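Here is a friendly walk through one protein model, for a reader who likes to follow along on screen. Please have the viewer ready.

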Amino acid sequence: MTTADPAIVIAVARSWLGTPYHDQASLRGVGCDCLGLARGIWRDVVGPEPFPIPPYSRDWGETGPHEVLAEGARRMMPEIVPRDAPPGALILFRMMPRAIAKHVGILTSPETFLHAYERLGVIEEPLTSAWRRRVAFAFLFPAR
């Protein structure tokens with residue numbers, strides 16, 4: 001599978017900076033959560049979303065043994081080893097040890113990432129050691 005140009009993925013991701021945080025939303029400049037950010041980037045880089053995202057609760061990732069985000073991403077994107085993830089990669093985070101991955105971001109450089117964070121909206125920040133150790137999965141956006 002051919003993958004998208006990382007410079008385009010990063011430019012599109014950065015066009016979402018400042019978008020307010022809003023659960024289950026995916027509209028640049030209006031509101032999004034972390035999954036909505038990834039969905040919006042997909043639409044701009046790849047095209048229409050391949051399947052609808054069902055409604056989800058704020059605590060959906062606190063229970064259950066299934067890696068819902070990773071399984072969904074695997075259906076549409078090539079998976080790579082997280083430590084090998086280049087800029088432009090979609091990264092999934094485990095927010096607590098032994099929990100499923102429930103947060104999404106986009107690498108913008110080897111040291112930075114962009115994500116939608118509650119109360120802050122879409123921001124770009126350093127991929128600190130605290131964030132880096134939470135990365136559980138990484139995927140590349142396919143080419144259009």
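The report below covers the sheet, the helices on it, the aromatic pairs and the cysteines.

**The sheet**

Keep in mind throughout that this is a predicted model. Its six-stranded open sheet has the strand order β3-β8-β4-β5-β6-β7, with antiparallel pairing. The edge positions belong to β3 (79–80) and β7; each has a single partner strand, so one side of each lacks a neighbour in the sheet.

Two helices can be placed against this sheet. Helix α1 (residues 6–14) packs on it with contacts to β5, β6 and β7, and its direction makes about 115 degrees with that of β5. Helix α2 lies across β4, β5, β6 and β7, and runs at about 50 degrees to β5.

As general background, strands of a sheet pair through backbone hydrogen bonds, in either a parallel or an antiparallel sense. Here, strand β6 is a good one to follow, since two hairpins can be described through it. With β5 (residues 101–109), β6 pairs in the antiparallel sense over three bridges. In that pairing, I106 stands opposite L114 of β6, and two residues lie between the two strands of the hairpin.

Turning to the other hairpin, β6 is joined to β7 (residues 121–126) by six bridges, and these two strands also run antiparallel. F113 has E125 in β7 as its bridge partner. Three residues separate β6 from β7, and R119 in that turn has a positive phi of about 70 degrees.

**Aromatic pairs**

How many aromatic pairs does a search of the whole structure find? The search finds five. Two of them, both tilted, are set out here.

| Pair | Centre to centre | Angle between planes |
|---|---|---|
| W42 and F141 | 6.4 Å | 45 degrees |
| F93 and F113 | 5.3 Å | 50 degrees |

The W42 and F141 pair links distant parts of the chain: W42 belongs to helix α2 (residues 34–45), while F141 is in the segment after β8 (135–139), 99 residues apart. Are these two residues buried or exposed? W42 counts as buried at 8% relative accessibility, and F141 counts as buried at 3%.

The F93 and F113 pair belongs to the sheet. F93 is in strand β4 (residues 90–94) and F113 in strand β6 (residues 112–117), so this pair ties together parts that are 20 residues apart in sequence. Both F93 and F113 are buried.

These two phenylalanines also have further company, as ring pairs link F93, F113, Y117 and W131 into a cluster. At W131, a charge joins the picture: the charged end of R134 sits over the W131 ring, 5.9 Å from the ring centre.

**Cysteines**

How many disulfides does the structure hold? There are zero. In general, a disulfide is a covalent bond between the sulfur atoms of two cysteines. Why is there no such bond at C32? The closest cysteine sulfur to that of C32 is in C34, and at 8.7 Å it is too far for a bond. Looking from the other side, the sulfur of C34 has its closest cysteine sulfur in C32, with the 8.7 Å separation again too far for a bond.

Both cysteines are in the buried class: C32 counts as buried at 0% relative accessibility, and C34 counts as buried at 10%.

Methods
Residues are numbered from 1 along each chain as its sequence is written. This is a predicted model: local features need pLDDT of at least 70, side-chain atom pairs count only at pLDDT 80 or more; totals for chains, interfaces and linings use all residues. Side-chain values use heavy atoms; hydrogens and water are left out. Rings of Phe, Tyr and Trp (its six-membered ring) pair if their centres lie within 6.5 Å; planes under 30 degrees apart count as stacked, over 60 as edge-to-face and the rest as tilted. Helices (H or I, at least four residues) and strands (E, at least two) are DSSP runs, numbered from the N terminus. Buried means under 20% relative accessible area, exposed over 50%, partly exposed in between (1.4 Å probe, protein chains only). A charge sits over a ring if NZ of Lys or CZ of Arg is within 6 Å of the ring centre and within 35 degrees of the ring normal. Two strands pair if DSSP finds at least two bridges between them. Contact means heavy atoms within 4.5 Å. Axes are lines fitted to C-alpha atoms, for helices over the stretch in contact, and angles run from 0 to 180 degrees between N-to-C directions. A disulfide is a pair of cysteine sulfur atoms within 2.5 Å.
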